[in-house]
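Student: I'd like to go through this model with you and learn where its labels come from. Can we start with what a word like "buried" stands for?

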Amino acid sequence: MALIVAVLMVAVLLAVLVYMMGIVVFYTFLLVVSFAHLRRTYRLDDWEPYEELLDVSYAKPVSILVPAYNEEAGIVGSVRSLLSIEYPEYEVIVINDGSTDRTLERLVEHFGLRPVYRVVRRQLATKEIKTIYRSSAYPHLFVLDKENGGKADALNAGINVARYPYICSIDGDSVLERRAFLKVMKPMIESDGEVIASGGEHPHRQRLPNRTRRGSASRAVAAPACHYANDRIFARLFARPPRLKPL
């Protein structure tokens, strides 16, 4: 009788041990799978396929805003990098915020800009836009020539002119990798409208060597910041702070 009880106890212990080992192996497998998934979605690795996002019917159209003030030295290279990105439908809007150098002239010379008429929605108050240009070689490139009002005012002017529901802002002295917008817009596309803003620092941010003779061209490899174009959101993000009245 004692032998039978001992055998049963050993069998129960073995069953419990096998069960516990199975639980440990199962949760270890879930941990590995979850870590791999988080790495793909959070870090947005370069090896992750983005070809499906190149489908025009699947991706969200984007308006890229580039405020520029006295960016004569590097504005042409920055705009060229934007025109070469991999994204199915987008427009580039460069806002010349009253530059005192040849920023506008360099854009006109290199991209064949011509004055055009375009409706401007006055949803955000800005300084006066004097002229709107469009490139004859790149129909999705526009340049706004406006009075100086600061970066916030320039972004507001770009928002008023933008025709797409998503807005991306980037400095005029930055250069993007070709798939930067695919990576930034991926969370918005996959969330089906739940994510309204995305952006971040490039993991390998670096300064590029100065290859121009006039001015400073300290351009940086950076990541854009994209937002859903909600009027109230942008009124808070880019509106100029109110002036305090003297007591």
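Tutor: Sure. Buried means under 20% relative accessible area, exposed means over 50%, and partly exposed is in between. Keep in mind that this is a predicted model.

Student: What makes helix α5 largely enclosed by the rest of the structure?

Tutor: Count its residues. Helix α5 covers residues 180–191, and 10 of its 12 residues are buried, so the helix is largely enclosed. The buried ones are Ala180, Phe181, Leu182, Lys183, Val184, Met185, Lys186, Met188, Ile189 and Ser191. Right after α5 comes Asp192, with a positive phi near 60 degrees.

Student: Why is Asn70 called partly exposed?

Tutor: Asn70 has 30% relative accessibility. Partly exposed lies between the 20% and 50% cut-offs, so Asn70 counts as partly exposed. You'll find Asn70 in the loop between β1 and α2.

Student: What is the phi of Asn70?

Tutor: It's positive, about 55 degrees, although Asn70 is not a glycine. Most residues other than glycine have a negative phi.

Student: And what about Val33, buried or partly exposed?

Tutor: Its relative accessible area is 41%, so Val33 is partly exposed. Val33 lies in helix α1, residues 2–43. Together with Phe26, Tyr27, Phe29 and Leu30, Val33 makes a nonpolar surface patch of about 510 Å².

Student: What makes a group of residues a nonpolar core?

Tutor: They have to be buried, come from a set of residue types such as Val, Ile and Tyr, and be joined through side-chain atoms within 4.5 Å. The largest nonpolar core here has 32 residues, and those with the most contacts inside it are Ile64, Tyr87, Val92 and Val94. Elements giving two or more residues to this core include β1 (62–68), β2 (90–97), β6 (166–169) and α5. The most comes from α5, with 6 residues.

Student: Which residues does Ile64 touch?

Tutor: Leaving out residues up to four places away in sequence, Ile64 touches Leu82, Ile85, Tyr90, Glu91, Val92, Ile93, Cys168, Ile170 and Phe181. There's also a second, separate core of 15 residues, with Ala154, Leu155, Val161 and Ile167 among them.

Student: How do you know that β5 is mostly covered?

Tutor: Again, count: 6 of its 6 residues are buried. Leu141, Val143 and Asp145 point one way from β5, while Phe142, Leu144 and Lys146 point the other way, and all are buried. In β6, Tyr166 and Cys168 point one way and Ile167 and Ser169 the other, and all of these are buried too.

Student: What makes two strands a pair?

Tutor: At least two bridges between them. β2 and β5 are joined by 6 bridges and run parallel, so they meet that cut-off of at least two. In this pairing, Ile95 stands opposite Leu144 in β5. β1 and β6 also run parallel, joined by 4 bridges, and Val62 stands opposite Tyr166 in β6.

Student: Which sense do β4 and β5 pair in, parallel or antiparallel?

Tutor: Antiparallel. Strand β4 (residues 129–135) pairs with β5 over 5 bridges, and that satisfies the cut-off of at least two. The bridge partner of Ile129 in β5 is Lys146.

Student: How many residues sit between β4 and β5 in their hairpin?

Tutor: There are 5 residues between them.

Technical notes:
Residues are numbered from 1 along each chain as its sequence is written. This is a predicted model: local features need pLDDT of at least 70, side-chain atom pairs count only at pLDDT 80 or more; totals for chains, interfaces and linings use all residues. Side-chain values use heavy atoms; hydrogens and water are left out. Buried means under 20% relative accessible area, exposed over 50%, partly exposed in between (1.4 Å probe, protein chains only). Contact means heavy atoms within 4.5 Å. Patches are made of residues with over 30% relative accessible area and no salt bridge: like charges are joined within 9 Å, nonpolar side chains (Val, Leu, Ile, Met, Phe, Trp, Tyr) within 5 Å. Accessible areas come from the Shrake-Rupley method with a 1.4 Å probe; for residues, only the protein chains shown count as cover. A salt bridge is a side-chain nitrogen of Lys or Arg within 4 Å of a carboxyl oxygen of Asp or Glu.
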